[in-house]
Amino acid sequence: MRMVAALACGIIFGFGLAISGMMNPAKVIGFLDVAGDWDPTLAFVMGGALLVTIPAYRVILKRRRPVLASGLSLPAEEKLDVPLIWGSALFGVGWGLVGFCPGPAVAATVTALPPVLGFVAAMIAGMALHAWLSGEHTGRKSSSPDAGVAAPDPR
Amino acid sequence: MGSFTPVSGLMGGLLIGLAVTLMMLLNGRIAGISSIVSGLLTPKSGDTGWRAAFVVGLLLGALAFILAVGGPTQVDVLASPPAILIGGLLLVGFGTRMGSGCTSGHGLCGIARFSRRSIVATAVFFEVAMLTVFLARHVF
């Protein structure tokens, strides 16, 4: 059931991304280019999503457990650290250079455009490089208790 | 560019918000694309199926929209040199793992949790991206 739920969530997410126009890097760059011909669409996408998630999370995070799993898997780390800041800054440079963040990049592979496929391969290589450098390939515990991979933390 | 599309943007955003909400309500998971995808690179037993299912869904959803509108959706790749674009995507992959999240994990899920780390991360990547675009387009 959890796989069916994940599949359904992925479908809704992908459809929403496509409608929003954010699969097009030019739209994203149009938002980031505040000194140019500014296109505020991205703010409406983020705003629309947060309009749903902020109130909904208030209710869900109070529940003891999700519907299909034994506990909520939330990141355990709470303090600000150097990897968080540097990693986000490096991501920001890449995002500004290309206009693709991970969700739209992965979703845009359905267009089968050769440059997009190359981009996603490069992005995955970047992720693999980080995993390799941080020793995840040996099964050693990663130093980044990450969004989504932390142990279930029922609360 | 400059083609402001608030209605489709808002509709897409509401759907993305619904997907993120259902993921937490049903599976208790954060719908952060960078962590879902990278988790597939270092598979752990019992933790791979839902990730693969989500990614397949993401592709099916985007494909469904393309089929619904009856043609390829617009994807305008920037006219920058390929080395810059490939380098940029390497930074996106590496940076989102080092920083533990991307636009979805930090920007949507983390902010909705009122996580201090995610609020700071989101502010950093938005500001650095805006600065990068400014330098790339208006300075160099």
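This tour moves through a predicted model, beginning with the helices of chain A and ending where chain B touches chain A.

Select residues 2-20 of chain A first, which form helix H1. At 1.5 Å a residue its 19 residues should span 27 Å, and the end C-alpha atoms are indeed 27 Å apart, so the expected and modelled lengths agree. With the surroundings displayed, notice that 15 of the 19 residues of H1(A) are buried, so this helix is largely enclosed by the rest of the structure. Step then to Gly21(A), just after H1(A), where the backbone takes a positive phi of about 85°.

Next, select residues 25-32 and 41-60 of chain A, which are helices H2 and H3. Their axes lie 7 Å apart and pack at an angle of about 95°; because angles of 65 to 115 degrees count as roughly perpendicular, H2(A) and H3(A) are described in that way. To see the contact itself, show Lys27(A), Val28(A) and Phe31(A) on H2(A), together with Thr41(A), Leu42(A) and Ala43(A) on H3(A). Four of these contact residues are nonpolar, one is polar and one is charged.

Finally, bring both chains into view and select the interface, in which 109 residues of chain B are in contact with 111 residues of chain A. On the chain B side, at least two residues come from each of the helices H1 (6-27), H2 (33-39), H3 (49-69), H4 (82-98), H5 (105-112) and H6 (116-139), and H1(B) supplies the largest share, 21 residues. Coloured by residue class, this side of chain B divides into 63 nonpolar, 38 polar and eight charged residues.

Conventions:
Residues are numbered from 1 along each chain as its sequence is written. Chains are lettered from A and ligands numbered from 1 in the order in which they are written. This is a predicted model: local features need pLDDT of at least 70, side-chain atom pairs count only at pLDDT 80 or more; totals for chains, interfaces and linings use all residues. Axes are lines fitted to C-alpha atoms, for helices over the stretch in contact, and angles run from 0 to 180 degrees between N-to-C directions. Helices (H or I, at least four residues) and strands (E, at least two) are DSSP runs, numbered from the N terminus. Angles under 35 degrees count as roughly parallel, over 145 as roughly antiparallel, 65 to 115 as roughly perpendicular and the rest as oblique. Two residues are in contact if their C-beta atoms, placed from the backbone, lie within 7 Å. Ala, Val, Leu, Ile, Met, Phe, Trp, Tyr, Cys and Pro count as nonpolar, Asp, Glu, Lys and Arg as charged, and the others, Gly among them, as polar. The expected span of a helix is 1.5 Å times one less than its number of residues. A residue is buried if 20 or more other C-beta atoms lie within 10 Å of its own, exposed if 12 or fewer, and partly exposed in between; C-beta atoms are placed from the backbone.
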